[in-house]
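Q: I should like to learn how the features of a structural model are read, one at a time. May we begin with the charged side chains and then turn to the chain as a whole?

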Amino acid sequence: MASSLLSPFCRPEEDPFLLLQSTLSCVERILMLSAGKPLRRTWIEHPYGEEEITLLEEEVLPAIQQCLQRVDAIDAVLQEEQDAQMALEQLRQELAAKAEGADADEALSPL
């Protein structure tokens, strides 16, 4: 996944996929730290027990991971396209510079 360093494109809090990555990390950490203890929820008196925790581990976490893998694949395609465009632009600039140099040499050469 892309880095959350300062970006010229958006702030980290505006990138929904950074939030998704952070969510995955937090849920994994909570599950690891709970080590079989029930997980309390703010909206219901009954905490998540073993069955609900198993559902999180077997269904929710893999779904988030799969989503992030797909995002990475999409990002890779976009990065390849951007790299190709940048290489093409650099080649155009080099050809233009060579053409200007050839025109200058031609103008300086005696008839």
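Q: With which residue does Glu14 form a salt bridge, and how far apart are the closest N and O atoms?
A: The model is a predicted one. A salt bridge is read from the distance between a side-chain nitrogen of Lys or Arg and a carboxyl oxygen of Asp or Glu, with a cut-off of 4 Å. Here Glu14 pairs with Arg11, and the closest N and O atoms are 3.6 Å apart.

Q: Which other residue forms a salt bridge with Arg11?
A: Glu13 does, with 2.6 Å between the closest N and O atoms. Arg11, Glu13 and Glu14 are thus linked in a network of salt bridges.

Q: How are the members of this network placed with respect to solvent: are they buried or exposed?
A: Relative accessible area decides the class: under 20% is buried, over 50% is exposed, and values in between are partly exposed. Glu13, at 60%, counts as exposed. Arg11 has a relative accessible area of 47% and is partly exposed, and Glu14 is also partly exposed, at 43%.

Q: How many salt bridges does the structure hold?
A: The structure holds 3 salt bridges. Besides the pairs of Arg11 with Glu13 and with Glu14, there is a salt bridge between the side chains of Arg92 and Glu89, at 3.8 Å from N to O.

Q: Where do Arg92 and Glu89 lie, and how many residues apart are they?
A: Both residues belong to helix α2, and they are 3 residues apart, which is about one turn of the helix. Glu89 is partly exposed, at 37% relative accessibility.

Q: Which residues form a nonpolar patch on the surface?
A: A patch is read by joining nonpolar side chains that lie within 5 Å of one another and have over 30% relative accessible area. In this model Leu88, Leu91 and Leu95 form such a patch, with about 270 Å² of accessible area together. Leu95 is found in helix α2, which covers residues 50–108. Leu95 counts as exposed because its relative accessibility is 51%, and the cut-off for that class is over 50%.

Q: How many disulfides does the structure hold, and what do the sulfur positions of Cys26 and Cys67 show?
A: A disulfide requires two cysteine sulfur atoms within 2.5 Å. The structure holds 0 disulfides. The cysteine sulfur closest to that of Cys26 is in Cys67, 16 Å away and therefore too far for a bond. Cys26 is partly exposed, with a relative accessible area of 29%, and Cys67 is partly exposed at 34%.

Q: What does the secondary structure come to, and how spread out is the chain?
A: The chain has 2 helices and 0 strands. Its radius of gyration is 27 Å, well over the 13 Å that the globule rule gives for 111 residues, so the chain is more spread out than a compact globule. Along the principal axes, the C-alpha atoms fill a box of roughly 95 × 25 × 20 Å.

Q: What share of the residues counts as buried, and which atoms supply 59% of the exposed area?
A: Of the 111 residues, 10% count as buried. The chain exposes about 9,400 Å², with carbon and sulfur atoms supplying 59% of it.

Q: What share of the contacts joins residues at least 24 apart?
A: The count is taken among contacts between residues at least 6 apart in sequence, and 50% of these join residues at least 24 apart.

Technical notes
Residues are numbered from 1 along each chain as its sequence is written. This is a predicted model: local features need pLDDT of at least 70, side-chain atom pairs count only at pLDDT 80 or more; totals for chains, interfaces and linings use all residues. Side-chain values use heavy atoms; hydrogens and water are left out. Patches are made of residues with over 30% relative accessible area and no salt bridge: like charges are joined within 9 Å, nonpolar side chains (Val, Leu, Ile, Met, Phe, Trp, Tyr) within 5 Å. Accessible areas come from the Shrake-Rupley method with a 1.4 Å probe; for residues, only the protein chains shown count as cover. Helices (H or I, at least four residues) and strands (E, at least two) are DSSP runs, numbered from the N terminus. Buried means under 20% relative accessible area, exposed over 50%, partly exposed in between (1.4 Å probe, protein chains only). The radius of gyration is taken over C-alpha atoms; the globule rule is 2.2 Å times the number of residues to the power 0.38. Contact means heavy atoms within 4.5 Å.
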